[in-house]
Amino acid sequence: MSNIEEGLDGPAHKLSEKKTSSGVGESTLQSSRQSMLKMMKDAALLEEKRYLGYSADNDSSIADSGHALTYRIKREGDKVTTVPAIRKILSPAVAVDRSALAEGARYSRVALAIYTWMMFIFNRPCLGAGLLGCARSMTFLRRVRQSKKDSTIIGDNICGCNEAALFVQAGINETDIVYAQFSNIGCKLPYCILIDREWKSVVVAIRGTLSLDDLIRDITIDPHPLEKVCEKYGFDGQGESAHYGMYESAEWIYDDIQSHGVLEKLLLAESAECAGFKLRVVGHSLGAGVAAILALMLRRKYPDLKGLCFSPPGCVFSRKTADECKEFITSYALNTDLVPRLCLESLENLRNEVLLLINRIKIPKHYVVTPAFFSTIGNINVAKESSGEVLHGLNSIPSSEFGKQLNDFKKAQETRKEKRGIFQVQMFPPGDVVYLHKTSDDRNCLHGLLSCTTCGVVQKQPIYSARWAQYDDFQEILIGQSMLTDHFPQNVCHELERIAASFGIDFPYNDYSGNG
């Protein structure tokens with residue numbers, strides 16, 4: 001009962017506040033505590049058939065109210081439990097929900113495009129090079145016919161493949177690429193500024209991790225205090241922090257934009273080409289974290305700005321700043337994607353939990369590891385064994401040399417933190433989070449020739465539903481088969497486009513007016 005009430009007073013209560021502030025669905029979200037508690041009790045009855053990734057979207061007692069049952073992980077020392085909670089499902093009848101999906105579907109394509117020719121060919125291994133060559137030829141001929149080059153392209157290769165792949169994947173005219181910086185050294189992160197005339201917007205798109213320099217940005221995870229820079233950029237950063245590596249890249253992009261004056265010429269000048277257009281800052285993965293920080297920096301000058309962050313790291317901002325960004329930033333996370341759950345605390349928890357499980361195992365280790373590749377070993381099927389037959393209880397772990405070494409290791413880690421003066425700042429993904437949750441595998445999909453010849457049969461593909469998530473949903477790393485592929489930008493893009501289409505929102509996704 002206490003777990004149920006905690007799930008109610010936590011995420012469900014915060015969700016109600018969030019939606020009330022937006023002015024959408026207030027009567028639904030302010031439903032009585034008694035009815036919500038009844039839903040929680042119904043959810044608890046499903047606990048016995050729960051497994052990782054289980055969805056109760058189709059359960060009539062929950063789905064009919066526009067809510068979904070989820071389970072968030074609660075950790076107390078070495079003990080890990082799950083707490084049922086209710087999350088709001090995005091609805092085609094709610095204008096804010098339709099807008100979030102429409103913008104996500106449109107700008108995820110731009111966030112994919114900034115990965116340029118490498119991602120373009122990766123997604124089209126057979127035809128990619130030919131399509132890219134044709135696109136580059138058309139671009140070259142058009143540039144020759146022009147009296148001057150209207151855009152600034154820096155750091156592209158001699159073939160101009162980055163620019164060609166960018167406009168082909170983004171679905172825009174190449175003359176609408178106003179500025180592109182493809183250099184990738186140190187804190188320099190490739191990005192571009194383009195005009196989306198269909199949406200009447202100017203878009204700043206920032207690339208995600210694709211090089212060793214980018215990996216260095218990712219692992220520079222120390223919190224960077226925002227107090228010293230909040231006055232410069234016009235936001236409240238007292239006592240707040242941001243990911244250090246991402247902050248450095250965002251600051252470099254901000255200075256680069258200011259030095260070229262591109263946004264001011266497009267949006268603010270007296271004879272601005274894009275007067276009245278919206279400003280959008282988008283990115284995927286590392287680029288999503290940098291986009292969130294850059295949006296925070298630019299917002300004083302462009303108050304109507306919005307940030308779209310696809311698969312952002314789970315360690316971009318500390319809590320207050322992450323919450324305040326909900327006014328202008330929306331993040332998107334796909335199923336068991338590893339990256340939105342990555343932070344120093346979750347990595348430490350995963351490490352400690354793996355070591356603890358090793359200490360608890362009763363049977364030989366290879367009986368546990370090998371089923372990842374083979375379902376059975378001899379007469380033992382670990383997947384069917386009860387946990388009591390495989391693991392010692394938390395309170396009945398026998399003394400062993402490994403157990404002593406594990407305790408010494410934990411003490412050494414704590415001592416090392418104290419000596420180095422490392423302080424723990426809990427970090428979160430930015431803004432509101434739209435979570436694409438796997439609900440079933442009922443949708444059949446035709447694969448390419450390679451998939452058919454290797455698999456022999458047409459495989460089923462997952463179906464996802466979109467729901468508003470809370471930060472608590474991303475505080476632990478989930479181990480699953482798709483934890484890496486769920487992070488691929490093309491997968492995030494395709495699923496957002498599919499869900500938008502199911503809402504009746506078709507390309508170019510700019511007609512998304514709803515009934516609610």
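What follows is a short dialogue about reading burial, salt bridges and helix crossings in a predicted model.

Trainee: Let's start with one residue. Where is leucine 308 found, and is leucine 308 buried or exposed?

Mentor: A good habit is to place a residue in its element before looking at its surroundings. Leucine 308 sits in strand β10, which covers residues 306-310. Its relative accessible area is 2%. Buried means under 20%, so leucine 308 is buried.

Trainee: Which residues is leucine 308 in contact with, leaving aside its neighbours within four places in sequence?

Mentor: Skipping those neighbours lets you look at partners from elsewhere in the chain. For leucine 308 they are Glu103, Tyr107, Arg280, Val281, Val282, Gly283, Thr330 and Tyr332. Look also at glycine 104: its C-alpha atom is 7.0 Å from that of leucine 308, although the two positions lie 204 residues apart along the chain.

Trainee: Now the charged side chains. How many salt bridges does a search of the whole structure find?

Mentor: The search finds 14 salt bridges. One of them pairs glutamate 103 with lysine 306, where the closest N and O atoms are 3.8 Å apart. This pair links distant parts of the chain, 203 residues apart: glutamate 103 belongs to helix α5 (residues 95-113) and lysine 306 to strand β10.

Trainee: Is each partner buried, partly exposed or exposed?

Mentor: Check each side of a pair separately. Glutamate 103 is buried, at 6% relative accessibility, whereas lysine 306 is partly exposed, with a relative accessible area of 32%.

Trainee: Which other salt bridge could I look at?

Mentor: Try glutamate 264 and lysine 301, whose side chains meet at 2.8 Å, N to O. Glutamate 264 is in helix α12 (residues 262-268) and lysine 301 is in the loop between α13 (286-298) and β10, so this salt bridge ties together parts that are 37 residues apart in sequence. Both partners are partly exposed, glutamate 264 at 34% and lysine 301 at 35%.

Then find aspartate 323 and lysine 326, which form a salt bridge at 3.5 Å, N to O. Here aspartate 323 is partly exposed at 30%, and lysine 326 is partly exposed at 27%. Salt bridges can also share partners: Glu103, Arg280 and Lys306 are joined in this way into one network.

Trainee: On to helices. At roughly what angle do the axes of α5 and helix α20 cross?

Mentor: For a helix pair, read the angle, then the handedness, then the residues that touch. The axes of α5 and α20 (residues 489-502) come within 8 Å and cross at roughly 155°. Angles over 145 degrees count as roughly antiparallel, so that is how α5 and α20 are arranged. Their crossing is left-handed. Residues making the contact include Leu101, Gly104 and Ala105 of α5 and Cys493, Leu496 and Ile499 of α20. By class, the contact of α5 with α20 has eight nonpolar, four polar and two charged residues.

Trainee: How are α11 and α13 oriented to each other?

Mentor: Follow the steps again. The axes of helix α11 (residues 244-260) and α13 come within 8 Å and cross at roughly 55°. The two helices are therefore oblique to each other, and their crossing is right-handed. Among the residues that meet are Met246, Ile253 and Ile257 in α11, with Val290, Ile293 and Leu294 in α13. The residues of this contact divide into twelve nonpolar, two polar and one charged.

Key
Residues numbered from 1 in each chain as written. Predicted model: local features only at pLDDT ≥ 70, side-chain atom pairs only at ≥ 80, totals over all residues. Heavy atoms only, no water. Helix = DSSP H or I, 4+ residues; strand = E, 2+ residues; numbered from the N terminus. Buried < 20%, exposed > 50% of the residue type's maximum accessible area, 1.4 Å probe, protein only. Contact = heavy atoms within 4.5 Å. Salt bridge = Lys/Arg side-chain N within 4 Å of Asp/Glu carboxyl O. Axes fitted to C-alpha atoms, helices over the stretch in contact; angles between N-to-C directions. Parallel < 35°, antiparallel > 145°, perpendicular 65-115°, else oblique. Left-handed = near helix turned anticlockwise from the far one by under 90°. Nonpolar A, V, L, I, M, F, W, Y, C, P; charged D, E, K, R; others polar.
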